[in-house]
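Here are a few short exercises to work through with the model open beside you. Take them in order and check each step as you go.

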Amino acid sequence: ELSSADPLLNGLNPQQREAVEYRGPALLIVAGAGSGKTSVLTRRIASLIRGREAWPSQILAITFTNKAAAEMRERAEQMLGAATEGMWISTFHSSCVRILRREAENFGFTKAFTIYDSHDSRTLIKRLIKETEADTYGLSVSGVAGKISRLKNELTDVDSYSRNANVNDPTEVKFLEIFRGYTRALQAANAFDFDDLIAQTVFLFRAFPHVADHYRKQFRHVMVDEYQDTNHAQYALIHELTRECADGTPGGSLTVVGDSDQSIYAFRGADIRNISEFERDFKGAHVVMLEQNYRSTQTILSAANSVISNNFDRKDKKLWTDVGDGDLIVGFTGYSAHDEAQFVVDEISALHAQGMGYNEMAVFYRTNSQTRALEEIFIRSALPYRILGGTKFYERAEIKDVLGYLVTIANPADSLAVRRILNTPKRGIGPATETGLQNYADTNQITLREALRSADSLGLGPKVSGAIAKLSGLIDEATALAESGPVADVLTRILEETGYVDLLRATRDPQDEARAENVEELLAVTKEFDKNNPEGTLIDFLTEVSLVAAADELDDASGTVSLMTLHTAKGLEYNAVFITGVEEELLPHRMSAGEPGGPAEERRLFYVGITRARKRLFVSLAMSRAQFGQTNVAMPSRYLQEIPTELIEWRQSPGMANGRDGYQSRALNARGSRYDGGFGSGELGGWGSTEGGWNSLEASPKPKTEWANRVTNKIRDNGDLELVAGDRISHADFGEGTVNQITGEGAKRVAHVKFDSAGAKKLLIKIAPIEKL
Ligand code: ATP
Ligand code: MG
């Protein structure tokens, strides 16, 4: 029993405390953003260890990112003042890799298996589509990759799929052929793709109950953060892990925490029902709800509450805080994405000048393509920044080339890796030779790597067979090195022997120079790995590389602004948050329009973004954006309308987009006029009048031209309207009110109006739908 004076319980509210102290088979903690779900999980772990109710090795905590896992471990360590060694705090994927490495030999893999990232999977699928001429059936690489991924997340393997496949549908038959070929190729390469990591672990547990029992007995306490985003395979995994053992030993206790309003992975098969059905599936589950938010100001929370309340079919919960209202949310409309980026950078500089650290600020966007404009302005302004997730360092061609050597050494069965390095750097091994080698391997039922040893028997010219023999010798030599030496030594030898970096440098192409630097960066990563893992093997290194998940970074650069997608932002918090590109087509993303529940999921994504902010929130958009290869007029996101106007101060409002004098001239003024309040700060200006448009848009997205026309039709011109303080006016949406004050001049005159029922608003007189009474 912990006493209430125990630091572990210090400062917890009664519900949080209950969640930390509850002991029973199943506990569900449902709560809104920032209410302490993750903190409570961490304290629960600490309290189990502290109370000697569990050994560290009996704890399995599953988090969303490796970064979150590291944070949880660190906090638990702080609380316990002791090492947490032996505890499994990791992502679904890394837990499964650990299990699979130990158990792979049970089902025809070796523990050196390679993990294929989505790029590798696509390369394989592309080849299969070509070989089977499936493109004539309308099958695309991304279509097939997406379908295979979805099937695996549903735990449907190729055999069970084929049992239900429609044999009269030629496209389906073709797909099945590819799915089968893909499955075989992975098996032959001793490789798992990302979705396999989870699915195969579940299959393993089902096929080998004694193996499963071993883990069930080990993990007496299983905890899952961000439970709302688990897909079926992950759900099944949790279920398998916490079941009763064959000898009657009861399963371990299960604690899950989640917020259905933050479910943003339906496209990956995440299923909100996992939360609603928890009580049914885990009998006797205890439920705790948390409502007090400890992260954000009331203004930010009220905006979040208001936005999310537009989703149907949800349990209404209102977040509240006792930290007070704080600053207003700031809105900004740029002329272009660059203009918007400039606003972000200016605000960041201003906040920094006021003492906020760069690492306490983050910029979010819906799609990675938005980083280009942001990066340009960040670089130009010499502000330190880093991109979380999006850099895809390990997806760069030069990195994959070099890793190809390491993978070949660790897992010689992986022919994808062998093909990659065969003629990289160029050594005169052309496609015909590659095919010859592959055929030789197939005929003799050996791996491609083995075939390299027999190049002599292929009747190739002396130059080519010499090159192959040299490559094979290098692989042998490096393999021997890898057995005992550090990873950095292996890589150094490969770089020396192949001359990869020198060749890049020799081209004098600045792009190649950057590539050479990347390879050197990889070398630095291996050195770091060797230092941190004196016992670490090449396989360990490659595992770490494959599992660098979205929110993880090569180095933990502090003192930089973090840029990331809204998806990556989940679970994180920052003092100041900028949500950029809050536009139709981006947020909600145009791909979501046709999806059932698409716009609702996009709204949850916006909600996730808003609720990351502790003190300051900025929302911004651009009036035109270059995207999908062309520059388009961008429309403010429907979700902006859902933030109560009194919570947001528009430095430059979307209303300006209605001006007759054209986007351009206003935009060019934008920099200078930003703070003059001229564009109706505090009010959406002309947008109030397009309410009908918003609603119908929500129900059925209209083609943009029609939508744009609707807006232009509504343009008013009150340029001549004379208003003075004390005048009574009537507004199309807000009803009647009294003018308190007029600021600005000419086309930028703003009326500060106290409406009788709608509260205080600021209106751009020129375009607001108002009449003098
Ligand atoms: P999300 O839904 O975004 O994942 P969460 O529910 O997991 O959020 P936490 O990240 O655990 O919330 O907590 C949000 C913030 O509130 C953290 O900074 C945490 O330290 C703080 N916090 C949580 N509980 C308390 C408390 N009782 N007293 C003071 N601060 C708290
Ligand atoms: Mg959390």
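**Exercise 1.** Find which helix gives the largest share of the shell around ligand 1, and sort the shell by residue type.

*Solution.* Start with helix 2 (residues 37-50), which supplies three residues, the largest share of that shell. Helices here are DSSP runs of H or I with at least four residues, numbered from the N terminus. The model is predicted: local features need pLDDT of at least 70 and side-chain atom pairs pLDDT 80 or more, while totals for chains, interfaces and linings use all residues. Residues are numbered from 1 along each chain as written, and chains are lettered from A and ligands numbered from 1 in the order written.

Next, look at the shell's members: 19 residues surround ligand 1, and Gly-36, Lys-37, Thr-38, Ser-39 and Tyr-294 come nearest (a residue counts as near if its C-beta atom, placed from the backbone, lies within 6 Å). Finally, sort them: four are nonpolar, 11 polar and four charged (nonpolar is Ala, Val, Leu, Ile, Met, Phe, Trp, Tyr, Cys and Pro; charged is Asp, Glu, Lys and Arg; the others, Gly among them, are polar).

**Exercise 2.** Decide whether Phe-194 is buried or exposed, and list its contacts.

*Solution.* First, locate Phe-194 in helix 9 (residues 194-207). Then count: 18 other C-beta atoms lie within 10 Å, so Phe-194 is partly exposed (20 or more means buried, 12 or fewer exposed, in between partly exposed, with C-beta atoms placed from the backbone). Last, setting aside neighbours within four places in sequence, Phe-194 contacts His-93, Asp-117 and Ser-118 (contact means C-beta atoms, placed from the backbone, within 7 Å).

Methods. Helices (H or I, at least four residues) and strands (E, at least two) are DSSP runs, numbered from the N terminus. Two residues are in contact if their C-beta atoms, placed from the backbone, lie within 7 Å.
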